Amino acid sequence: MKYTELNSLDSTNVPATTAFAVKVNGSARTVSTVTMDATAHTVTLKLASAVANGDTVTVAYTDPTSGNDVHAIQDDSGNDAATLSVTAVTNNTGDTTAPVFASAAVDGTSLVMTYTELNQLDATHVPGASAFSVKVAGVAATITVPARVAQHA
Ligand SMILES: [Ca+2]
Ligand SMILES: [Ca+2]
């Protein structure tokens with residue numbers, strides 16, 4: 001979370017972990033620690049368990065009271081940041097799950113192999129035709145066109 005502030009954020013009197021509500025795919029995820037980088041104006045929440053690639057993540061923050069609190073997201077002068085309602089979080093967690101072969105079908109000269117994959121397949125770095133071996137009625141067939149990767153359905 002990044003805040004705009006002319007001065008430094010107060011990295012000493014940080015809010016309690018319970019002031020934050022993080023949800024992963026709609027389920028609450030425990031916040032273990034809260035740290036603040038005074039000059040970068042960032043509040044970093046460490047989560048009890050890791051978020052996976054493709055998960056939908058939201059964050060919310062509740063200012064402890066409407067008055068001036070000792071422990072809050074605040075600047076060096078003690079001015080508290082406002083309550084933040086449920087806000088979408090950009091998920092930068094990398095994809096470490098490989099595509100899995102699902103099925104193959106042929107229609108005339110087009111042989112289509114379908115893979116299951118949460119994200120898009122890489123249509124730029126495709127394998128060469130030599131990576132494939134196709135037999136028709138037990139006889140090796142020539143693959144004349146480079147393999148083409150299309151978006152999965
Ligand atoms: Ca307050
Ligand atoms: Ca304050």
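This is a short selection-by-selection tour of a predicted model.

**Domains**

Start by colouring the chain by domain. Domain 1 covers residues 17-89, and domain 2 covers residues 100-141. The centres of domain 1 and domain 2, taken over C-alpha atoms, are 46 Å apart.

**The four-stranded sheet**

Next, display an open sheet of 4 strands, with the order 2-1-5-6 and antiparallel pairing. Its edge strands are strand 2 (27-29) and strand 6, each of which pairs on one side only. From one strand to the next, the twist averages 30 degrees.

Select residues 20-24 and 57-61, which are strand 1 and strand 5. These two run antiparallel and are joined by 5 bridges. To find the register, pick Ala21, whose bridge partner in strand 5 is Ala60.

Keep strand 5 and add residues 84-89, which form strand 6. Here the pairing is again in the antiparallel sense, over 4 bridges. Two residue pairs can be labelled: Val57 has Val89 as its bridge partner in strand 6, and Tyr61 has Leu84.

**The loop after strand 1**

Now centre on Asn25, in the loop between strand 1 and strand 2. Asn25 is not a glycine, yet its phi is positive, about 50 degrees. For comparison, most residues other than glycine have a negative phi. Is Asn25 buried or exposed? Asn25 has 12 other C-beta atoms within 10 Å, so it counts as exposed, the cut-off for that class being 12 or fewer.

**The hairpin of strands 3 and 4**

Move to residues 31-37 and 42-47, strand 3 and strand 4. The two strands run antiparallel, with 6 bridges between them. Which residue of strand 4 is the bridge partner of Thr35? Selecting Thr44 shows that partner.

Then look at the turn of this hairpin, where 4 residues lie between the strands. His41 in the hairpin takes a positive phi near 60 degrees.

**The loop between strands 9 and 10**

Finish in domain 2, which spans 100-141. Select strand 9 (134-136) and strand 10 (139-141), then the loop between them, where Ala137 lies. Ala137 is another residue with a positive phi although it is not a glycine, with a value of about 55 degrees. Why does Ala137 count as exposed? It does so because 5 other C-beta atoms lie within 10 Å, and the class takes in residues with 12 or fewer.

Terms used. Residues are numbered from 1 along each chain as its sequence is written. Chains are lettered from A and ligands numbered from 1 in the order in which they are written. This is a predicted model: local features need pLDDT of at least 70, side-chain atom pairs count only at pLDDT 80 or more; totals for chains, interfaces and linings use all residues. Two strands pair if DSSP finds at least two bridges between them. Axes are lines fitted to C-alpha atoms, for helices over the stretch in contact, and angles run from 0 to 180 degrees between N-to-C directions. Domain bounds come from an automatic or database domain assignment. A residue is buried if 20 or more other C-beta atoms lie within 10 Å of its own, exposed if 12 or fewer, and partly exposed in between; C-beta atoms are placed from the backbone.
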